[in-house]
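Me: Hey, can you walk me through part of this structure? I'm new to this, so plain words please.

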Amino acid sequence: MSVLRRIGMALFAPVLAVVVALVISSLVMAALQVNPLQVFEVMLDFGETPAQQVTAIVVIVNRAIPLFLAGLAVAVAFRMGLFNIGVEGQYRLATIVAAAVGAAVALPGPLHVLLIVVVAVVVAAFWAGIVAVLKVTRGVSEVISSIMLNFIALGLASYLLTGPFRGSEEGASIISTAEIPESGQLGGINAIFGAIGLANPPRQLYGFLPIAIVVGVVIAILLNRTRFGYDLKISGLSPSAASASGVDARGMVIKTMLLSGAVAGLIGLPDLLGTTHSYTTDFTAGLGFLGIAVALLGRNRPLGIAFAALLFGFLDRSLVPLQIADFPASVVTIIQGTIVLAVVVANEIARRVARRSAERGSGQAPAPVAGDGGTGPDQTPGGPAGPAGDLDQRQGARA
């Protein structure tokens, strides 16, 4: 298959999903007596002055950074056929602990930031590790256990915020942890706008952006260019075949969930280190669940996830302009929801098109590819042919 054809097949599903989502959203808006063309015009209006336009771009990128990390965390598990729904609880719990530790110590700048990052990564990886241990030792579905642990994590975070980690005064309208000292904060990187001849906007571009890019590159190399990535894929396709070839499929479940959780621990840090400098009752929520949509739209590839994160960042940025123009902000939710539904269908269509194309070329059905975003029986996270089904069957056999 040529390079252009592979690129075309990779882009087919996400582009189809976005187009279908826009069509469905337009029909829904028309049924609600809202002019979809006017809505899209407002969404695409970045302002009249260069400063306003660059500010709009900064808002989109700042929102896309945590969404990109959330998509990566979900995609790591997806590539092995695991469904880590617990990303929401993992990053929320990791962020509040990291905020409390960061506010309690005084270290030189780089070491202070590094400590906060390490604490967040360790806490989230530990929380995700509970899911993995329950799966490999007791055969508990990671979907069920991660959902339950989400509630426990959010409840624990609420207790810590109102109890031991509380830094705000009694009677404050917004409860928060103590503020992280300046040495533990990441300044903006707006200097790059001046370097490329653009206006310097009043809003700061998160200094966590280079770290997120490095994480994306490392994950891409780890999954596609290392033995670990190969073992992860083969374990997701067939744990029994992986074990026969010397791969510890159960061990790979634990390693994969630990890695997924570690990446999830970074999700709240762009906001924490860039703007809020403390964990509050109104800290950004829902990024873990949006990460599932971002990962699916990006077909579990870091580059695709980056573009999907920018799209969702663009949609979130559109909320304020739509409200100012007296359009219901729910249209953004409608578009996001239809994208999630459309991407599942589009991925399945793309998988079947690729399979038929390969059959015509080779005369036989191709082997399934782990983590391509498909929803067939060989691709469903935790499905019968994946590690969850294999482990559950073995647990049942022992019982």
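Reply: Sure, let's go through one helix, its neighbour and a few aromatic rings. Keep in mind that this is a predicted model.

Me: Ok, helix H13 then. How many of its residues are buried?

Reply: H13 covers residues 287–297, and 10 of its 11 residues are buried.

Me: Which ones are they?

Reply: The buried residues are Leu-287, Gly-288, Leu-290, Gly-291, Ile-292, Ala-293, Val-294, Ala-295, Leu-296 and Leu-297.

Me: And what's up with Arg-299?

Reply: Arg-299 sits just after H13 and takes a positive phi of about 55 degrees.

Me: Now H14. What angle do the axes of H13 and H14 make?

Reply: They cross at roughly 130 degrees and come within 8 Å of each other. H14 is the helix of residues 302–317.

Me: Is that oblique or roughly antiparallel?

Reply: Oblique, because an angle has to be over 145 degrees to count as roughly antiparallel, and H13 is oblique to H14.

Me: What about the handedness of the crossing?

Reply: H13 passes H14 in a right-handed crossing.

Me: Which residues meet there?

Reply: From H13 you have Leu-290, Ala-293, Val-294, Ala-295 and Leu-297. On the H14 side they meet Ile-305, Ala-308, Ala-309, Leu-311, Phe-312 and Asp-316.

Me: What classes of residue make up that contact?

Reply: The contact of H13 with H14 has 10 nonpolar residues, no polar ones and one charged one.

Me: Changing topic: how many aromatic pairs are there?

Reply: The count comes to three aromatic pairs. One of them is Phe-46 with Phe-314, a tilted pair at 6.3 Å centre to centre, with 45 degrees between the planes.

Me: Where do those two sit in the chain?

Reply: In distant parts, 268 residues apart. Phe-46 is in the loop between helix H2 (36–43) and helix H3 (50–78), while Phe-314 is in helix H14.

Me: Are Phe-46 and Phe-314 buried or partly exposed?

Reply: One of each. Phe-46 is partly exposed because its relative accessible area is 24%, and Phe-314 is buried, with 15%. The cut-off for buried is under 20%.

Me: Got another pair for me?

Reply: Yep, Tyr-279 and Phe-283 form a stacked pair. Their rings are 5.0 Å apart centre to centre, with 25 degrees between the planes.

Me: Buried or exposed, those two?

Reply: Tyr-279 counts as buried at 3% relative accessibility, and Phe-283 is buried too, with a relative accessible area of 5%.

Note on methods:
Residues numbered from 1 in each chain as written. Predicted model: local features only at pLDDT ≥ 70, side-chain atom pairs only at ≥ 80, totals over all residues. Heavy atoms only, no water. Buried < 20%, exposed > 50% of the residue type's maximum accessible area, 1.4 Å probe, protein only. Helix = DSSP H or I, 4+ residues; strand = E, 2+ residues; numbered from the N terminus. Axes fitted to C-alpha atoms, helices over the stretch in contact; angles between N-to-C directions. Parallel < 35°, antiparallel > 145°, perpendicular 65-115°, else oblique. Left-handed = near helix turned anticlockwise from the far one by under 90°. Contact = heavy atoms within 4.5 Å. Nonpolar A, V, L, I, M, F, W, Y, C, P; charged D, E, K, R; others polar. Phe/Tyr/Trp six-rings, centres within 6.5 Å; stacked < 30°, edge-to-face > 60°.
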